[in-house]
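The following exercises concern confidence, aromatic ring pairs and burial. Each task is followed by a stepwise solution.

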Amino acid sequence: MKNWIIAVMVLVALLGLAWVQVYLLRVGLLLEKARFDPKMAAVLEQANISIEKSEEVRAMVIEAYRDTVQREEVRRPLRDSLEDILSRELLSRGISVDFALTLWDGYEKQAVLTFPGADRSDQPAYQHYQRTLYGRIGADCGCRPVLEVQVTNLLGYLLGRLTSLIVLSVLFVGLLAFSLGWLIIKTNRLRKLDQVKNDFINNLTHELKTPAFSTSLLLRLLSEALSGKKTEKAAEYLALLERENEQLKDHIEKVLELASLESGQKHIQARPIHVHELLEEVCLDYARKSEEKEGRLEFQLDAANDLAELDSAHVKNAVQNLLENALKYTDKPPVIRVSTHNAGPFIHIRIRDRGIGIAPEHQKKIFDKFYRAPTGNLHEVTGFGLGLHYVRQIVQAHGGRIQLQSKPGEGSEFELIFNLAGKEAIIE
């Protein structure tokens, strides 16, 4: 089953779980509301008893029903008294809510006295609780008094009762969503890694098959030359065999060297060497290769101090990799410039070419293992995607750093920075 199908299934399951959690939250709210309603009925029942027992409050309620003008001197004391009674009853039952009051005429179906905050126009009906005030009040005022309590923050109160369940639900759903995102990212990385692995195997097979096939052919030709006693041809075939064998060994050595560096089994054996001598030795062969392609290799060794503690074999291989790329990744006669200079306690080695360059979106990945940037029309360029990764590993193993500047169509410049011998500067 494809990975994206699994991801879709997990996403659907996650959305379904989220819907179930919302549904359960709604059920929980309804259950809490069902538990809250009897408590409010009991509060209003007890408030009715308290009003009946208080001569002062009962008189104010009767006056409110008789006072059609609704004077403030009637409203305020009555509101304070009723709020005090209701607050006591609510707190005695462990209920902490905000509320507003309205007095209704049960016969006329109209509000007699509306206190601030009590507005039925935009409030849901489930927030309103009513109680007809039985007793002497109705007889004395000749009316049917109804006390209405509007719980203004009822939804918040009910949600507060479910806080622990809501927090746990959100936490677990969030954890599942995070896990899904992480799974998608890891799956995408594994897919890319699998593609890179297949490309590496294909490249490695191609690179090893070529010298192996050439060796097999040369061995047959050598056998024929020896049987015919053609010594000159035999010597030529032997030289070609040796070259193919060296190429095969070089491919194998690249893979093994990188593996040993990353596993920590092979350590850098640094000693003081003159960088200019190392560069001249390496570049001699590549200057000839550049001329064969109608190009050139230039030197500008300006470093006054070129003595650095390096592993000459590894640094030589790193420089060779950069020069090899400069020769391969170009669509015109190669022009390579190798230069050095000092900056503080460091020596900088720059290798610049005028090749096809590297696009900005590939420059951050170019040093990753097995990564190969697209080469446009240069389809004949082969490789493992290990060269630049190996160069970075070598430079970092020496405590140095590597920098890249490149523009498509204008070429690339790689700069290797190492500590000078006897200097204890740390390159960040």
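The protein chain has an average pLDDT (the predictor's confidence in each residue, from 0 to 100) of 81, and 83% of the residues score at least 70. The model is predicted: local features need pLDDT of at least 70, side-chain atom pairs count only at pLDDT 80 or more, and totals for chains, interfaces and linings use all residues. Residues are numbered from 1 along each chain as its sequence is written, and side-chain values use heavy atoms, without hydrogens and water.

**Exercise 1.** Classify the ring pair of Trp19 and Tyr23.

Step 1. Rings of Phe, Tyr and Trp (its six-membered ring) pair if their centres lie within 6.5 Å; planes under 30 degrees apart are stacked, over 60 edge-to-face, the rest tilted. The count by this rule is four aromatic pairs.

Step 2. The centres of Trp19 and Tyr23 are 5.8 Å apart and the planes lie at 15 degrees, so this pair is stacked.

Step 3. Both residues belong to helix 1 (residues 3-53), four residues apart, about one turn of the helix.

**Exercise 2.** Determine how Phe36 and Tyr129 are paired, and state whether they are buried or exposed.

Step 1. With 5.8 Å centre to centre and 70 degrees between the planes, the Phe36 and Tyr129 pair is edge-to-face.

Step 2. Phe36 is in helix 1 and Tyr129 in strand 3 (residues 128-132), so the pair ties together parts 93 residues apart in sequence. Helices (H or I, at least four residues) and strands (E, at least two) are DSSP runs, numbered from the N terminus.

Step 3. Both Phe36 and Tyr129 are buried, that is, under 20% relative accessible area (exposed is over 50%, partly exposed in between; 1.4 Å probe, protein chains only).
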